[in-house]
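I am opening a notebook on a structure that is new to me, and I will write down each thing as I look it up.

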Amino acid sequence: MKASVGAQHQLLVIQDLDTKIAKLNYSRRELPVRGRIKELQAEIGEGALAVENLQSQAREAAAALKNLEMDAAQLQARIEVQEQRLAGGGKPAELIAIENDLQQLGQRRDNLETAQLEAMEASEDLEGEIGRARDRMQRLTAAVDKLCQQLAEEERQIDEQTRQLEAQRQDAAGLVPQQLLDEYERIRARTGGIGAIAVQDRRVIGVPVEFSVSQWHDIGAADPEDVLVSEDFDYIIVRL
């Protein structure tokens, strides 16, 4: 294949633009703010599970407190019955038995009241934890919203730079024969990004590639309009 020296040099312009575009695309994918958003979103997910667990504990605590209240009400009713029996009088042995029963019932009432207080405190503590967890999730959500706005702005800036480079690439590609451009694109797709390399004074510029003495001789002896392709690396060789 032959192409003018100017057209071959345009490949280097296109290669430089393609490299810059690729770097921008990588930067866009790897923006630090994107990783931070994922971290905070994970924390929000963990927070939601924590709130759900605390709410389950709170429901259990409320049910336990309700049962204690029912037990206390039943116990109080029995105490009142026994007190009425004691006030009504009767045989000494029966009255002694009632008094003993009342004493035991009073002790059980004291224990129930203590248990009720502990259950109420536990329920209040859980509600406090739920409130604090929800507040934290709200702060995290607000932080994510702010970071998403930052991400959108950073992406917008990168996209604008990319559009400008793509416009320059389109202009440069218009100066290259289609056959040569297709060859460049084929090679670039195969190598993962590099389609053309520059050489000058037996030096490869910008790419860690080495040629043998015989290869350098062939490069130097070729017609300036010959399109050279490295046999070992498959890059188009552009001479400066």
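**Confidence first**

I began with the confidence scores, and among the elements of the protein I found the lowest mean pLDDT, 92, in helix α5 (residues 213-221) and the highest, 97, in helix α1 (residues 5-29). I note here that this is a predicted model, and that the protein averages a pLDDT of 94, with 100% of the residues scoring at least 70.

**Helix α2**

I next looked up helix α2, which covers residues 32-88 and has 57 residues. From its first C-alpha to its last I read a reach of 83 Å, which is close to the 84 Å expected at 1.5 Å a residue. I then looked at what comes after α2 and found Gly-89, whose phi is positive, near 80 degrees.

**The sheet**

I turned to the strands and asked myself in what order the four strands of the open sheet lie. I read the order as β2-β1-β4-β3, with mixed pairing, and I noted β2 (203-205) and β3 as the edge strands, each of which pairs on one side only. As a general reminder to myself, strands of a sheet pair through backbone hydrogen bonds, either parallel or antiparallel.

I followed the pairings along that order. Strands β1 and β2 run antiparallel and are joined by three bridges, and in one pairing of residues I found Gln-200 with Arg-203 of β2 as its bridge partner. These two strands form a hairpin with two residues between them, and Asp-201 in the turn has a positive phi of about 55 degrees.

Strand β1 (residues 196-200) also pairs with β4, this time in the parallel sense and over four bridges. In β4, I found Ile-236 as the bridge partner of Ala-196 and Val-238 as the bridge partner of Ala-198. I recorded β1 as largely enclosed by the rest of the structure, because four of its five residues are buried.

On the other side of the pairing list, β3 and β4 run antiparallel and are joined by two bridges. Leu-228 has Ile-237 as its bridge partner in β4, while Val-229 has Ile-236. The two strands form a hairpin with six residues between them, and in the turn I found Asp-234 with a positive phi of about 70 degrees.

I wanted to know which residues of β4 point which way. Ile-236 and Val-238 point one way from the strand, Ile-237 and Arg-239 point the other way, and all of them are buried.

**Ile-205 on an edge strand**

I picked out Ile-205, which lies in strand β2, and asked whether it is buried or partly exposed. Its relative accessible area is 35%, and it therefore counts as partly exposed, since buried would need a value under 20%. Leaving aside its neighbours within four places in sequence, I found Ile-205 in contact with Ala-198, Gln-200 and Leu-240. The C-alpha atoms of Ile-205 and Leu-240 are separated by 9.9 Å, although these two residues are 35 residues apart along the chain.

**Ser-230 and the aromatic residues**

I then went to the loop between β3 (228-229) and β4 (236-239), where Ser-230 has its place. Ser-230 has a relative accessible area of 5%, so I entered it as buried. A polar atom of the Ser-230 side chain lies 3.0 Å from the backbone nitrogen of Phe-233. Apart from its neighbours within four places in sequence, Ser-230 is in contact with Phe-211, Tyr-235 and Ile-237.

How many aromatic pairs does the structure hold? I noted three, and one of them is formed by Phe-233 and Tyr-235, which are stacked, at 6.2 Å centre to centre with 10 degrees between the planes. Looking up their accessibility, I found that Phe-233, at 28%, counts as partly exposed, whereas Tyr-235, at 13%, counts as buried. Both belong to one aromatic cluster that is formed by Phe-211, Trp-216, Phe-233 and Tyr-235.

As a last entry, I set these notes side by side: Phe-211 and Tyr-235 are among the contacts of Ser-230, and the two of them also appear in the aromatic cluster.

How values were computed
Residues are numbered from 1 along each chain as its sequence is written. Side-chain values use heavy atoms; hydrogens and water are left out. The expected span of a helix is 1.5 Å times one less than its number of residues. Rings of Phe, Tyr and Trp (its six-membered ring) pair if their centres lie within 6.5 Å; planes under 30 degrees apart count as stacked, over 60 as edge-to-face and the rest as tilted. Buried means under 20% relative accessible area, exposed over 50%, partly exposed in between (1.4 Å probe, protein chains only). A polar contact is a pair of N or O atoms within 3.5 Å; within protein, one must be able to donate a hydrogen and the other to accept it, and residues adjacent in sequence count only if both atoms are side-chain atoms. Contact means heavy atoms within 4.5 Å. pLDDT is the predictor's confidence in each residue, from 0 to 100. Two strands pair if DSSP finds at least two bridges between them.
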